[in-house]
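Please look at the model below and work through the questions on its packing and surface.

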Amino acid sequence: MEKRHKEPFIHFPKIGGRMVKTIISATLVAVIYQLIGRNACFACIGAVYGMGNVFRGGLQSGGNRFIGTLIGGIFAIPFYWLIHFAPWPVPDWVYLCVGLFLVLYVSAMFGAHGAIQPGTVVFFVVIYTVAQSRFVAYTLARILDTGVGVLVSLLISKLFPSPKEQDLLDDKAEEAVAEAEAIAS
């Protein structure tokens, strides 16, 4: 019988660039939001989602987060009103089902399958937890804050590319110089 090498219960990963850039992005967002007197929660979450191991990964993950928040928020506003204020005798669960269907369908329609989960989270959070006096303002702020967080992380990611991305940029620069020299001679 062959002995298996047991992996340790806990391993300590190296502290890499992505971790550092994520901390910088979320902290920068938190400081900016503190200075303007706003709650940074959803902007910080957007910052975490917007930081990928490479720019393209952050763009996809952060983009899905923003698109999902936008779609979920857009449908949360009218369906919140229908569930909480509609004068018609329709059970709440009917509106909930239709609203959820629309979040899922529109996300799929745009090919934003990665946006489905964040979209449904926003939809349910607004429907079930936001006070009636603030549901529109809360939803719009959540969409905006998520976008700000994603954009800050994408900016940080672009300004400080990963070593892999830097090597690719260096290779492209060398190719461009070689092409320019070939044209010039």
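Questions and answers on cores, contacts and surface follow.

User: On what basis are values given?
Analyst: This is a predicted model, where local features need pLDDT of at least 70, side-chain atom pairs count only at pLDDT 80 or more, and totals for chains, interfaces and linings use all residues. Residues are numbered from 1 along each chain as its sequence is written, and side-chain values use heavy atoms, with hydrogens and water left out.

User: Which helix gives the most residues to the largest nonpolar core?
Analyst: A nonpolar core is a set of buried Ala, Val, Leu, Ile, Met, Phe, Trp, Tyr and Cys residues joined through side-chain atoms within 4.5 Å; buried means under 20% relative accessible area, exposed over 50%, partly exposed in between (1.4 Å probe, protein chains only). The largest core has 20 residues, and Phe75, Phe79, Tyr95, Phe123, Val126 and Ile127 touch the most other members. Two or more residues come from each of helix 3 (55-85), helix 4 (92-109), helix 5 (116-129) and helix 6; helices here are DSSP runs (H or I, at least four residues) numbered from the N terminus. The largest contribution, 7 residues, is from helix 3.

User: Is Ser153 buried or exposed?
Analyst: Ser153 lies in helix 6 (residues 135-159). Leaving aside residues up to four places away in sequence, Ser153 touches Ser25, Ala47, Val48, Gly50 and Met51, contact being heavy atoms within 4.5 Å. Its relative accessibility is 0%, so Ser153 counts as buried.

User: What is the relative accessible area of Ile15?
Analyst: Ile15 sits in the segment before helix 1 (17-35). Ile15 counts as exposed, because its relative accessible area is 66%.
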